[in-house]
Amino acid sequence: MTRRKPFGERLHAAIDARGRLCVGIDPHPPLLRAWGLADDAAGVREFSLRVVEALGGRVAVFKPQSAFYERHGSAGVAALEETIAAARAADTLTLVDAKRGDIDSTMRAYADAYLADGSPLAGDAVTISPYLGFASLAPAVETALESGRGVFVLALTSNPEGGTVQRAQADGTTVAASMARAAARLNAAEVADGAPLGSVGLVVGATVPDLPDDVDLADVRGPLLAPGYGAQGARGAQLRALFGDAWGAVLPSTSREVLAAGPDAAGLRAAADSALADVTAA
Ligand SMILES: O=c1ccn([C@@H]2O[C@H](COP(=O)(O)O)[C@@H](O)[C@H]2O)c(=O)[nH]1
């Protein structure tokens, strides 16, 4: 089997070729209704495959939101697996937004599910939550690096409540800065080997009002997923101002705003093109 290139390198190439936009696949019940689909696993499957059909090969990354599949039980999870496979067939990277995090021994099982070769739930990367301690994420990081996949660690989330935890300080350092420094340490080896980006990314919401003074995102040298563009209110100019000299690593992500333009493929494409044009102009 040919070895997959590291995730950071593959993501960098996808952004170079298609522009920096991640489109979230979030089959919300009102969107399913608006698309004339049932709020069941078959509806979620149809919705997702239409998004992949319309935008596969055109955007850098798809981000299916696991919660919307899980709410339909095992048939919903099967629809997520099919969505990941369809995106792969359409030559588009998938970041599964599952926000997993647990003690080391359980984290190993999540790593097997979302990051190991042969698992039907393994896309190209997964979001993970560091609030059991960054070190508890080691099994996910190891599996990702071994398999050419990536992880995105929650650092500064787009929801207004996130700051109460993420801006809190321990020993004079904000929680967010600890996450950023830990990611930077993990990316250092890949970057020293010549990778344009490491494979350990952070989630930094597009709606975050400002960065804590001790957070140096340029130093992370890994991708910075910025959800919150569009439906949550952020636009390109706001993103550009927030990320400053880390801008080269930023991957804006938008779900509802693009999805609301479906089910027509041309509508989805126009909405994705418009979001990409805004972030590119920034
Ligand atoms: O900080 C975060 C982390 C993840 N998300 C997820 O991104 C999408 C946003 O959807 P929109 O429709 O573009 O608002 C959704 O799946 C969230 O769970 C986030 O918003 N913020």
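Two residues are in contact if their C-beta atoms, placed from the backbone, lie within 7 Å. Among contacts in this chain between residues at least 6 apart in sequence, 74% join residues at least 24 apart. The model is a predicted one, in which local features need pLDDT of at least 70 and side-chain atom pairs count only at pLDDT 80 or more, while totals for chains, interfaces and linings use all residues. Residues are numbered from 1 along each chain as its sequence is written.

The chain holds 12 helices and 10 strands, taken as DSSP runs (H or I of at least four residues for helices, E of at least two for strands) and numbered from the N terminus. Along its principal axes the C-alpha trace spans about 55 × 40 × 35 Å.

Of the 282 residues in the chain, 51% are buried, meaning that 20 or more other C-beta atoms lie within 10 Å of the residue's own. The largest nonpolar core, a set of buried Ala, Val, Leu, Ile, Met, Phe, Trp, Tyr and Cys residues joined through C-beta atoms within 7 Å, has 91 residues, and those with the most contacts inside it are Val153, Ala180, Leu202 and Leu224. Helix α9 (residues 175-192) supplies the largest share of this core, nine residues. Leaving aside residues up to four places away in sequence, Leu224 touches Gly201, Leu202, Val204, Leu217, Phe243, Ala246, Ala249, Val250 and Leu251.

Finally, we turn to the ligand. It is surrounded by 17 residues, each with its backbone-placed C-beta atom within 6 Å of the ligand, and the closest are Thr157, Ser158, Pro227, Ser255 and Arg256.

Key:
A residue is buried if 20 or more other C-beta atoms lie within 10 Å of its own, exposed if 12 or fewer, and partly exposed in between; C-beta atoms are placed from the backbone.
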